Amino acid sequence: MKNDDSVLLHTQGRIRHITLNRPRALNALNHAMVLRMGEALDAAEQDGSVIAVLLTGTGERGLCAGGDIRSIRDDALAGGRTSLDFWRDEYRLNARIARFPKPYVALMDGIVMGGGVGVSAHGSLRIVTERSRIAMPETGIGFVPDVGGTYLLGAAPGELGTHLALTGEPVGAADALLCGLADHFVPSGDAPALIAALDTCTTPESVVATTEQFAGTAPAGELAGHRDWIDACYAADTVEEIIERLDGCGVPAAKQAAATILAKSPTALKVTLAALRRARRLESLEAALDQEYRVSSTAFTRPDLVEGVRAQIVDKDRNPRWSPAGLAEVTEEDVARYFAPLGDAELGLGPDAGPARR
């Protein structure tokens, strides 16, 4: 791992820089990267000369497109279990970031999806730009939002999180701020100057103040203007009723959302809705991550994940053959299996670590 350059580390001034460095894969996370980030945070916390951490990504396209889902599919097809070990360490890293005692600055420029949200949106200073496109698109590959995504989206105002979770649609800077996925907007052209200014900071308080000094007003978003139909339609108890309300409310954008949802995995949709509703009742990020690990462990054994990655990433025919193929075929018992305890295989982060930053 020491010779692996997929995560670059250096200290400038009193800021520890963590740079995701797989630009050809849009900085998608693998197990080695997760472990290296964890080690870097341990070292940064223990080093009294380090006052903050700054997360960035190499390349022009984005911070991180998520986990290496092609490898996860290969592991599932081979009957392996390495993906479960990856998720175990990834989710622990997500919780570690949320509890990190020094400022954790995440520059969420460009594409930030799935696992990329997990290593950024739990930080204490989350910066978006006009280029930011943030999403939890898991239902489109037969999976369910994880990396603390159900906790984050469950805390979004009204039913905005439900809309984003079921559709998998990306949001820009203003909508990320509205949904609580980010804290500040900084134009991408100002990012180099912000980084240079952070490198001159000498206290944690100055890191916070410097970030706020660079913050501006994000270009107008879309979700605020859609709150009426989003909150009304997604408050329904079932995916079927949500789609019925979206189709029947007379708003073109709502009808398009229904069509988008219907293209996703029926099982993933129902499990996602249940996971979000359950996450709202949980007391901590850790409890949500424990729940997500149960869900992910079951999804790993089901056919839709393999098929979804095939359709979207491997063959790219965009024509997944879901099993079951329709929402009516997914029973309450099917959904309940995803939340069953794992016994000795539980993630075990527990509910008693105190409040996480949302």
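Let's start with Val112, whose bridge partner in β8 is Ile134. Keep in mind that we're looking at a predicted model. That pair belongs to a wider contact: strand β6, residues 111–113, is joined to β8 by three bridges, and the two run parallel.

Now zoom out a little. β6 sits in an open sheet of three strands, ordered β4-β6-β8, with parallel pairing. Which strands stand at the edges? They are β4, residues 62–64, and β8, residues 133–135. Each has a single partner strand, so one side of each lacks a neighbour in the sheet. From one strand to the next, the twist averages 15°.

Let's move over to strand β5, residues 104–108. Here's a question for the room: how many of the five residues of β5 are buried? Five of the five, so the strand is largely enclosed by the rest of the structure. As a reminder, side chains in a regular strand alternate between the two faces of the sheet. In β5, both of those faces are covered. On one side we have Tyr104, Ala106 and Met108, and on the other Val105 and Leu107, all of them buried.

And who are the partners of β5? One is strand β3, residues 52–57, which pairs with β5 in the parallel sense over three bridges. If you'd like a spot to click on, Val53 stands opposite Tyr104 in β5. Another partner is strand β7, residues 125–128, again paired in the parallel sense, over four bridges. There, look for Leu107 of β5, whose bridge partner in β7 is Ile127.

That's my tour, thanks for listening!

Note on methods. Residues numbered from 1 in each chain as written. Predicted model: local features only at pLDDT ≥ 70, side-chain atom pairs only at ≥ 80, totals over all residues. Heavy atoms only, no water. Pairing = 2+ DSSP bridges. Axes fitted to C-alpha atoms, helices over the stretch in contact; angles between N-to-C directions. Buried < 20%, exposed > 50% of the residue type's maximum accessible area, 1.4 Å probe, protein only.
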